[in-house]
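Please open the structure in your viewer and keep the sequence panel beside it. The tour below goes from one selection to the next and says what can be found at each stop.

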Amino acid sequence: MSDTVSENTSKKTKRGRKEANVWDHFNKEPVGDGHYSASCSYCTEKWNRGRPEDLKAHLALFCNSISQDIKIEYLEILATENSVKKMKKR
């Protein structure tokens, strides 16, 4: 019984928003207050503060070093997010 208790107390609960999947394509370094700088894993582009929206746009529209599959995936993600935002405004 004590083994179960010690396992549960040793695991820390991560708080805040769930990390965006877009970070799988970027190297990140903490800059404080839960924010990160970002650098593209495929090209040399860097951001002092990586915002998931900006990183998605980079993959979908600007990075010429990624595969077409990833580019298409993020184009679809951006299109879906934009259509949802438009529907919420109505």
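Before selecting anything, it helps to know that pLDDT is the predictor's confidence in each residue, on a scale from 0 to 100, and that what you have open is a predicted model. Colour the protein chain by this score: the average is 85, and 79% of the residues score at least 70. Among the elements of the chain, α1 has the lowest mean pLDDT, at 47, while β3 has the highest, at 98. Now select residues 4–10, where the pLDDT is below 50 and where the model shows zero contacts beyond near neighbours in sequence. Where pLDDT is low, the predicted coordinates should not be read in detail.

**The whole chain**

Switch to a cartoon view and follow the protein chain from the N terminus, along which the elements run α-β-β-β-α-α, giving three helices and three strands. If you then display the surface, the accessible area comes to about 7,500 Å², and 48% of this belongs to carbon and sulfur atoms. Of the 90 residues in the protein chain, 24% are buried. Among the contacts with a separation of 6 or more, 22% are accounted for by residues 24 or more positions apart.

**The annotated region**

Select residues 21–60 next, the range that an unreviewed UniProt entry annotates as "domain: BED-type". Over this range the chain is 22% helix and 38% strand, and the C-alpha atoms at the two ends are 14 Å apart.

**Two aromatic pairs**

Show the aromatic side chains, and look for the two aromatic pairs that the structure holds. Begin with Trp23 and Tyr36, whose ring centres are 6.1 Å apart and whose planes meet at 65 degrees, so this pair is edge-to-face. Trp23 belongs to the loop between α1 (2–10) and β1 (26–32), whereas Tyr36 is part of strand β2 (residues 35–40), so that the pair links distant parts of the chain, 13 residues apart. Is each ring's residue buried or exposed? Trp23 counts as buried because its relative accessibility is 9%, while Tyr36, at 28%, counts as partly exposed.

Move on to Phe26 and Trp47, where the ring centres lie 5.6 Å apart and the planes are at 75 degrees, so this pair is edge-to-face too. Phe26 lies in strand β1 and Trp47 in strand β3 (residues 46–47), and the pair therefore ties together parts that are 21 residues apart in sequence. Phe26 is buried, with a relative accessibility of 5%, and Trp47 is buried as well, at 17%.

**A charge over the rings**

Return to the pair of Trp23 and Tyr36 and add Lys28 to the selection. The charged end of Lys28 sits over the ring of Trp23, 5.3 Å from the centre of that ring. The charged end of Lys28 also sits over the ring of Tyr36, where the distance to the ring centre is 4.2 Å.

**A buried lysine**

For the last stop, select Lys56 in helix α2 (residues 52–62). Lys56 has a relative accessible area of 13%, and it is buried because that value falls under the 20% cut-off. Which residues does Lys56 touch, not counting those up to four places away in sequence? Show Val22, Tyr74, Ile77, Leu78 and Glu81 around Lys56, since these are the residues that it touches.

Key:
Residues are numbered from 1 along each chain as its sequence is written. This is a predicted model: local features need pLDDT of at least 70, side-chain atom pairs count only at pLDDT 80 or more; totals for chains, interfaces and linings use all residues. Side-chain values use heavy atoms; hydrogens and water are left out. UniProt positions are given in the numbering used here, feature names are shortened, and annotations may be inferred rather than shown by experiment. Helices (H or I, at least four residues) and strands (E, at least two) are DSSP runs, numbered from the N terminus. Buried means under 20% relative accessible area, exposed over 50%, partly exposed in between (1.4 Å probe, protein chains only). Contact means heavy atoms within 4.5 Å. Accessible areas come from the Shrake-Rupley method with a 1.4 Å probe; for residues, only the protein chains shown count as cover. Rings of Phe, Tyr and Trp (its six-membered ring) pair if their centres lie within 6.5 Å; planes under 30 degrees apart count as stacked, over 60 as edge-to-face and the rest as tilted. A charge sits over a ring if NZ of Lys or CZ of Arg is within 6 Å of the ring centre and within 35 degrees of the ring normal.
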